[in-house]
Amino acid sequence: MNTIQNIDHKLYSILKSVPDPEIPVLSIIDLGVVRSAVLLDNDKVKVEITPTYSGCPAMDVIGDDVKKALLNNGYVPEVKLILSPAWTTDWMTDEGKTALKEYGIAPPTDAETDKQALLGNKQVIACPQCESKNTKLVSQFASTACKAMFKCQDCEETFDYFKCLI
Amino acid sequence: MTNENLIQYIYSIADNSLILGQRLGELCGHGPTLETDIAITNIALDLLGQTRSYYQYVAELSKEDLTEDDVAFLRKEREYKNVLLVEQPNTDFAYIIARQYFFDVYHFLLLEKMMDSKNVNLQAIAKKSMKEVAYHKRFSGDWLKRLGDGTEESHQKMQQAVKDLWVYTDELFHMNEDDEIVTKAGFGIDNAALKDAYYQEIEALLKESTIEIPTTSYFQKGGKKGIHTEHMGYILADMQYMQRTYPDMKW
């Protein structure tokens, strides 16, 4: 699936520098919430962002941060929130997934693995600390709606798993 | 179909999410365990997020200069079109789960159909919300089974909750005048057509949970026409307090 959609190359690095407020190791580009960024006349910029979850409380902050970053670079930004097409974890870049793992959050897998994991049927989610798959589902919802909580039964750390949304 | 028909139709969908979201929000910090507390408030947040998308669209459609906050906080009780089920109190954890499951199964079936609405805004909200509601249903269904097929006490409490809340399920499939008009125009969903699939799914899970399926033929109704149970006024008093006390306040 095309992860980066219609982002002007002059704006790419600016947007890439904006972090997700809840998971600061993840850029909003790597998270896949920036759907388009177009340079218009007179340094005007139109950016479209889409929420990960409907109730994601980070969206207002992301909108403000995008505006701030563009203003600091001399652009006149307009940020629009769009709902369609709906965000999916497939839009998260590989770089983003690696950053998540290093941060201690198990990155999203694929739909089938996810289902098995969240039904507690199979041990398929690897602990981001010790790589062991001897892990157990603690809760289908964790610190935010986009994550579930697991516990590693080898190193005994609890950790967040970024749930698939496909 | 007028814009007003469409607005009223959207209320009958969005108000369910708002009021249930508010009910679940009451549990923040009061859930039986930390994990269930967090899960329930996460679900509340999803529902409120969905509500915002609907109300923002209503604000766009409205001829008056409405905002999403006006729509959420400044209507009177009779102007809310949510079903009676979602306003029922958090009596105990069994009631919370039974209410949630009864709503989630309906919500999922509704959104599944709404993904094909001829209205692009409703279609977009449905596609987004659907993914979230799949998680809600899994959570409430799992707990219903766990409590129903659990200890003697959890079973008895779940049986009681199912029996008491069952009378509010039929209203989910009622169609008011605006529903009919908006559905004819291809924007809305024929609720009545979801009924068979709904009861089939619920009854299968209740059976698996060793819960007896209620046999009553008497059902409560009224919410979809704005006639609510005695609980609704208290919810609104709580929810609208800030806006009414400090008009036009913003976060």
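Q: How many residues does the contact take from chain A, and how many from chain B?
A: In this predicted model, the side of chain A that touches chain B divides into ten nonpolar, five polar and no charged residues. Counted by chain, the contact takes 15 residues from chain A and, from chain B, 20 residues.

Q: How far apart do the C-alpha centres of domain 1 and domain 2 of chain A lie?
A: The domain assignment of chain A places domain 1 at 9-91 and domain 2 at 104-162. Six residues from domain 1 of chain A and six residues from domain 2 of chain A take part in the contact, and by class the side belonging to domain 1 has two nonpolar, three polar and one charged residues. The C-alpha centres of these two domains of chain A are separated by 28 Å.

Q: Which strands of the open sheet with the order β1-β2-β3 in chain A stand at the edges?
A: This open sheet of three strands in chain A has mixed pairing, and its neighbouring strands are turned by 15° against each other on average, direction ignored. Strand β2 (residues 44-49) of chain A is joined to β3(A) by six bridges, and the two run parallel, with A:V47 standing opposite A:V79 in β3(A). An edge strand here has a single partner strand, so one side of it is left without a neighbour in the sheet, and this holds for β1 (34-39) and β3 (76-81) of chain A.

Q: Which helix of chain A lies across β2 and β3 of chain A?
A: Helix α1 (residues 9-16) of chain A packs on the sheet by touching β1 and β2 of chain A, and its direction makes about 130° with that of β1(A). The helix lying across β2 and β3 of chain A runs at about 160° to β3(A), and this is helix α3 (residues 59-72).

Q: Is B:M249 buried or exposed?
A: B:M249 is found in the segment after α9 (231-245) of chain B, and, leaving aside its neighbours within four places in sequence, B:M249 is in contact with B:M242 and B:Q243. A residue is buried if 20 or more other C-beta atoms lie within 10 Å of its own and exposed if 12 or fewer do. Because B:M249 has 11 C-beta neighbours inside 10 Å, B:M249 counts as exposed.

Q: Which helix of chain B gives the most to the largest nonpolar core?
A: Of the 118 residues in this core, B:I10, B:L85, B:I97 and B:A98 touch the most other members. The helix of chain B that gives the most to the core does so with 14 residues, and this is helix α4 (residues 93-114).

Q: Where does the largest nonpolar core lie with respect to domain 1 and domain 2 of chain A?
A: Domain 1 (9-91) and domain 2 (104-162) of chain A both give residues to this core. The core therefore lies between them.

Q: Which residue in β7(A) is the bridge partner of A:A106?
A: Strand β7 (residues 158-162) of chain A has four of its five residues buried, so β7(A) is largely enclosed by the rest of the structure. Strand β6 (residues 147-152) of chain A pairs with β7(A) in the antiparallel sense over five bridges, and A:A148 stands opposite A:Y161 in β7(A). Two bridges join strand β4 (residues 105-106) of chain A to β7(A) in a parallel run, and in β7(A) the partner of A:A106 is A:Y161.

Key:
Residues are numbered from 1 along each chain as its sequence is written. Chains are lettered from A and ligands numbered from 1 in the order in which they are written. This is a predicted model: local features need pLDDT of at least 70, side-chain atom pairs count only at pLDDT 80 or more; totals for chains, interfaces and linings use all residues. Domain bounds come from an automatic or database domain assignment. Two residues are in contact if their C-beta atoms, placed from the backbone, lie within 7 Å. Ala, Val, Leu, Ile, Met, Phe, Trp, Tyr, Cys and Pro count as nonpolar, Asp, Glu, Lys and Arg as charged, and the others, Gly among them, as polar. Two strands pair if DSSP finds at least two bridges between them. Axes are lines fitted to C-alpha atoms, for helices over the stretch in contact, and angles run from 0 to 180 degrees between N-to-C directions. A nonpolar core is a set of buried Ala, Val, Leu, Ile, Met, Phe, Trp, Tyr and Cys residues joined through C-beta atoms within 7 Å.
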